[in-house]
Amino acid sequence: MKKHLFFVVLGILILVLGACSSETQNDQGDKNRLVIAISAEAGTLDPGVSMDNQAWKITYPTYERLVAYDGDKTTVKPALAKDWEISDDGKTYTFFLNEGHKFADGTEVDAEAVKFSFERTLKIGKGPSGLYSIIDNIEVVDPYTVKFELKNAFPPFISTLAANYGAIVNPKVMEHEKDGDLGQGYLSANTMGSGPYQLEEYNKGQYYKLTVNPHSAVKPNIDTVYFRISSDVSETRISLEKGEIDIAEGIPADQLDEVGQMDGVKLVQKPSLLVDYVYMNIGKGTDALKSKEFRQGISHAIDYDSIINETMQGFASRFVGPVPEGLWGHNPDSKVYEYDVDKAKELIQASGFEGAELDLLYSDNKPYWEELALTIQSNLEQVGVKVNLTKVAYPTMREKIDIGEFDLCVGVWSPDYGDPYMFMNYWFDSDNWGLAGNRSFYANDEVDQLIRKAATISDQAEREELYKQAQEIINEEAVYIYIDQQQFTLPMSEDVKGFVYNPMLEGIYNLAEMTK
Amino acid sequence: MNTQTETQPQTLTTTQTLSKQKILWYRFKQNPLTLVGTGILLMFIVLAIFAPLLTPYDPEMVNMSERFEPPSSAHWFGTDEVGRDILTRILYGARLSLGIGITVVVIAGLIGSVIGAIAGYLGKAFGQFIMRMMDIMLAFPPLVLAMALTAALGPSLINAMLAIVIVKIPVYVRLARSEALVVREQLFVKAAETFGLSKVWIIARHIVPNVISPIIVQVTIDLGEAILLIATLGFLGLGAQPPMPEWGAMISTGWEFFLDQWWYPTFPGIAIFLATLSFNLLGDGLRDLLDPKSTR
Amino acid sequence: MWPIIRNRLIMLVFVVFGVSFITFLMSNVIPGDPARMIVGPRGDQATYQRIREQLGLNDPLYVQYVDYMKGIFTGDLGTSIRTQQPVLDDLITYFPATLELVIYAFLFAIFFGVMIGVITAVKNNTKWDYIGRFFSITGVSLPVFLSGLIFIIIFYGKLGWFPGSGRIDLFMELPPRITGLYTVDSLLVGNFEAFKNSLWHLIMPSIILGYVQLSTIVRQVRSSMLDVLNQEYIRTAKANGLSEWFLIIRYALRNALIPVITVVGVSFGMLLGGAVVTEMIFNWPGMGKYVVESIGFLDFPAIMGFTLLISVGYVIINLIVDLLYIVLDPRVRE
């Protein structure tokens with residue numbers, strides 16, 4: 001009797017639940033709603049603190065900057081500033097603001113707000129402040145004119161203003177200040193910008209909901225944008241197939257072909273400036289790496305084609321470095337190390353370090369790193385170099401990179417602003433050893449002189465020539481192993497139109513111009 | 001496994017042992033679940049021991065030209081993202097998973113029962129102190145403690161094992177102590193005390209052997225959990241490190257490929273399931289066998 | 001009763017100190033300090049040192065610990081390094097999601113656990129006994145990350161019966177936050193759409209999570225049922241011709257359930273801490289997912305806050321179990 005009762009209850013339960021299931025399929029495919037699946041939650045949304053690409057997806061369309069990247073180019077165009085002047089010595093920048101740009105609460109964006117935003121970032125003193133420490137003084141000339149004095153000439157400065165940390169924040173954020181945090185707590189989960197969108201709701205762990213900023217100068221087509229957090233790839237993929245999401249981030253290269261073939265799904269493919277490379281710890285690693293021949297040998301031992309075709313599934317091309325294709329300063333005729341086992345063996349033998357053992361550091365931060373590490377390990381085994389894999393947590397990896405506790409280490413790099421400075425000076429200046437950028441712990445006086453000079457003069461042709469000279473030395477010395485330059489590939493619904501990919505804005509959407 | 005059962009009740013007299021043995025063996029055979037568990041376990045042990053003879057492949061050899069081959073006569077369970085044979089990795093993985101599981105639980109069992117026996121025998125203040133420590137450790141959720149420990153010490157197999165040992169110890173301390181509290185009052189212990197034998201001798205010779213029987217049941221049950229915990233840590237990237245063919249780590253990398261390369265996470269998943277199941281079935285059976293309450 | 005409560009409260013203090021001390025110690029042996037995560041992927045040394053100073057990481061360890069403990073007693077668990085928000089706020093946001101999931105998982109486990117336990121006891125040593133036990137043991141043996149994934153692919157992907165992620169549909173109007181449990185809040189304000197929707201999202205993850213605890217409950221119910229069924233009064237009643245199932249439900253089950261409470265308490269605690277993997281797979285915005293992400297960032301204020309909350313919860317659950325035991329079983333009283 002009781003047993004029957006159980007089944008009756010069970011039956012009722014199933015029926016009740018069955019009744020609700022039919023109702024979950026309601027109002028999908030709304031034209032005014034865009035759903036983007038992102039693979040991880042963003043950290044703080046404060047543009048004066050965040051160094052995290054994931055957060056920039058939300059902050060970029062919710063704030064405006066003095067200048068903006070021009071379409072899909074790496075150069076800048078006017079944004080909040082309608083025009084600007086640079087003094088002859090390259091140290092003074094004067095910006096003339098557009099009138100009528102308003103924050104989401106209706107306050108106008110003026111010179112005071114600009115001054116406030118940069119001073120706030122500097123006062124907070126976190127990640128973005130390092131970049132702007134070049135600023136000596138900011139002066140409000142009149143409500144629509146603001147003047148920046150730099151400590152020394154720095155031509156990439158204008159480009160840094162278009163990056164996420166150049167965002168102008170509503171000074172009213174100070175009303176939300178707690179314990180002298182300059183509003184960091186509030187801005188970590190709220191936005192106060194003048195961009196076309198504003199963060200209306202942040203449901204922790206689930207989604208970010210953006211709605212149109214009522215006072216925005218531009219009127220976007222899409223009213224509501226959801227960034228849905230989906231940590232599981234399979235689930236994201238099924239959602240895309242079912243049309244529950246419009247754009248699916250975080251799909252591994254291996255699955256892109258398959259996903260691209262789904263009904264109503266297209267793959268957006270564009271050349272990016274994201275490069276995969278391997279640091280060879282010259283300064284602090286094992287002795288073998290101090291030998292030029294040894295490093296050249298290693299560079300010849302890697303089967304680049306197999307990595308590009310198998311690991312990256314063809315969504316990448318050979319990286320001709322150190323400045324990637326698509327950014328000025330790139331030299332297509334740079335020396336490239338081809339896969340050549342015999343030559344590699346010869347060079348390693350000549351170096352006298354055959355049979356050396358190397359530690360290869362990586363983490364699970366990028367899903368393909370493990371495959372890359374395994375491939376490098378088996379490639380180097382062919383030339384008689386034994387590689388031990390060290391997989392650590394991502395924060396640990398950063399620490400080890402900073403203090404130089406590795407021999408080889410896989411890495412990715414993409415520029416924050418459109419200037420070869422992001423590669424040449426970060427990667428090779430001996431002042432930047434460690435996390436700051438020179439992760440091969442490389443030191444060469446001649447290179448230092450060339451790139452430091454290139455960073456202070458404003459004539460682009462002259463700078464390009466200096467960088468070119470430095471590149472010749474660097475590539476001959478085989479400082480890094482240049483693996484590949486990735487292709488930006490993103491599966492999205494065919495209904496989504498107007499997306500423009502800018503290589504400076506990796507993973508950031510031009511929401512205001514998109515339609516569905 | 002059955003030999004263990006037979007040799008177990010050492011403290012009984014010989015005549016009792018014989019008849020009891022017969023009854024136990026009879027009841028052991030009677031429960032089909034225990035037999036199934038034993039069968040699967042024996043299969044895994046054989047596979048693990050003879051792994052190199054059963055497969056022509058190397059579990060760590062990278063072969064990019066055979067990447068993601070579906071199951072075929074050459075690769076029964078297919079290949080993974082760098083062309084390694086999945087069956088081979090599962091076979092070698094059996095050595096790892098079983099080896100780790102047994103090592104971890106036996107170490108935890110040993111340490112735990114010794115501490116428990118000491119705490120139980122020495123009694124009052126010291127025992128109380130130990131138990132409070134154990135209460136604190138028990139208040140940590142096992143997976144979280146293991147995660148925090150591996151995060152702290154760095155992800156590696158040894159650290160994951162250490163974490164599980166620490167997580168498991170309190171259970172044995174509790175078990176051994178409560179048994180020891182009973183044994184302490186028994187005549188032969190009292191007798192030993194009157195002879196003036198040292199405490200160390202009494203604990204080693206009398207207390208520990210007499211608390212061992214419930215410990216063994218607990219060990220069998222925990223083996224299943226330990227294997228699953230190791231796999232879960234591997235899955236979260238905190239356990240065994242590549243290129244080790246650990247089952248959990250295999251699923252961790254493989255599960256993203258489930259939709260296109262279903263074989264990659266599925267077969268290691270089945271292996272974990274079967275191994276854990278075998279220990280759980282066996283543990284369940286043993287518990288029935290040795291639990292006086294269910295003897296009827 | 002009072003001594004028990006007093007002992008447990010003393011224990012609670014022990015636990016808070018012990019747990020915080022252990023986690024704190026662990027947080028300081030880790031290679032990879034949080035300042036390097038905040039400074040960004042290419043932070044320079046000057047900024048890095050400045051952030052260390054701001055976070056108080058340059059203070060001696062005992063100063064940091066004392067500061068932390070002071071905070072605990074004023075309800076301040078520090079600021080999360082990853083989210084830059086007070087850890088307490090984060091936990092308050094994420095805890096109800098986990099709690100709701102665990103409650104439903106628990107209901108599932110109890111309902112089926114008691115049912116299967118009774119059947120296996122009554123049908124002792126028959127094929128029903130073995131099937132029931134096999135079914136429940138399968139639960140503890142299945143890795144959640146596998147069963148969860150298979151469920152998603154079948155019931156969400158192929159059949160579309162259940163949603164595959166989250167607590168509620170994206171476009172559903174959220175019930176106001178009263179308890180933080182969506183199913184409760186939506187009923188309180190009479191929003192049945194939201195209630196059905198959130199219940200709908202709960203089904204798959206709670207079955208997956210509850211299935212793991214099934215066998216513990218089945219085993220305990222079965223064994224105490226066997227005890228009771230063999231007792232004199234049941235045998236007598238049976239001999240007097242009372243219906244078997246009537247007896248089981250009316251007398252046996254009631255008495256058999258008392259010892260079950262202990263296991264239930266333990267398994268509730270286990271569920272709370274064990275929801276981590278389930279939350280990962282079902283995109284469940286709970287504490288488990290929060291802590292895994294925090295570990296990935298070495299966000300120790302968050303990890304410590306989580307561990308403390310879970311451990312204190314564990315002690316409190318044990319206290320409740322003890323008290324329930326006293327209330328339900330007259331023999332234990334006094």
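Here are a few exercises, with worked solutions, on a predicted model.

**Exercise 1. Work out how far to trust chain A.**

Step 1: start with the average. The mean pLDDT of chain A is 89, and 94% of its residues reach 70 or more.

Step 2: look for the weak stretch. Over residues 18-28 of chain A, pLDDT stays under 50. For that stretch the model has 14 contacts beyond four places in sequence.

**Exercise 2. Describe the interface between chain A and chain C.**

Step 1: count who takes part. Chain A puts 63 residues into the contact, and chain C puts in 63 residues.

Step 2: get the area. The two chains bury about 5500 Å² between them, with 57% of it on carbon and sulfur atoms.

Step 3: go through the polar side of things. The rule finds 22 residue pairs in polar contact across the interface of chain A and chain C, both residues being at pLDDT 80 or more. As for salt bridges, the count between these chains is three. One of them pairs C:R36 with A:E399, whose closest N and O atoms are 3.0 Å apart.

Step 4: ask where the chain A side comes from. Helix α1 (residues 2-21) of chain A gives its largest share, nine residues. By type, the residues on that side split into 23 nonpolar, 22 polar and 18 charged.

**Exercise 3. Is helix α9 of chain A largely enclosed or left open?**

Step 1: use the cut-off. A residue is buried when its relative accessible area is under 20%.

Step 2: apply the cut-off to α9(A). The buried residues are A:F294, A:R295, A:Q296, A:G297, A:I298, A:S299, A:H300 and A:A301.

Step 3: conclude. Eight of the ten residues of helix α9 (residues 292-301) are buried, so the helix is largely enclosed by the rest of the structure.

Step 4: check the N-terminal end. A:S291 caps α9(A) there, with a side-chain oxygen 3.4 Å from the backbone nitrogen of A:E293.

**Exercise 4. Take three salt bridges and say where their partners sit.**

Step 1: set the scene. Over all chains, the count comes to 33 salt bridges. Side chains of opposite charge can pair when their charged atoms come close.

Step 2: take A:R120 and A:D46. Their closest N and O atoms are 2.6 Å apart. This pair links distant parts of the chain, 74 residues apart: A:R120 lies in helix α3 (residues 111-124) of chain A, and A:D46 in the loop between β1 (33-38) and α2 (53-59). Both A:R120 and A:D46 are buried.

Step 3: move to chain B. B:R84 forms a salt bridge with B:D80, and the closest N and O atoms are 2.9 Å apart. B:R84 has a relative accessible area of 3%, so it counts as buried. B:D80 is buried too, at 0%.

Step 4: finish in chain C. C:R133 and C:D129 form a salt bridge, the closest N and O atoms being 3.5 Å apart. Because they are four residues apart in helix α6 (residues 127-141) of chain C, about one helical turn separates C:R133 from C:D129. An α-helix has 3.6 residues a turn, so residues three or four places apart point the same way. C:R133 is buried at 4% relative accessibility, and C:D129 is buried at 0%.

**Exercise 5. Which residues share a salt-bridge network with C:R133?**

Step 1: follow the shared partners. Salt bridges join C:R133 to B:D284, C:D129, C:R219 and C:R222 in one network.

Step 2: read off the chain letters. The network has B:D284 from chain B, along with residues from chain C.

Terms used
Residues numbered from 1 in each chain as written. Chains lettered and ligands numbered in written order. Heavy atoms only, no water. Contact = heavy atoms within 4.5 Å. Buried area = accessible area lost by both parts, 1.4 Å probe. Salt bridge = Lys/Arg side-chain N within 4 Å of Asp/Glu carboxyl O. Polar contact = N/O pair within 3.5 Å; in protein donor to acceptor, adjacent residues only side chain to side chain. Helix = DSSP H or I, 4+ residues; strand = E, 2+ residues; numbered from the N terminus. Nonpolar A, V, L, I, M, F, W, Y, C, P; charged D, E, K, R; others polar. Buried < 20%, exposed > 50% of the residue type's maximum accessible area, 1.4 Å probe, protein only. pLDDT = per-residue confidence, 0-100.
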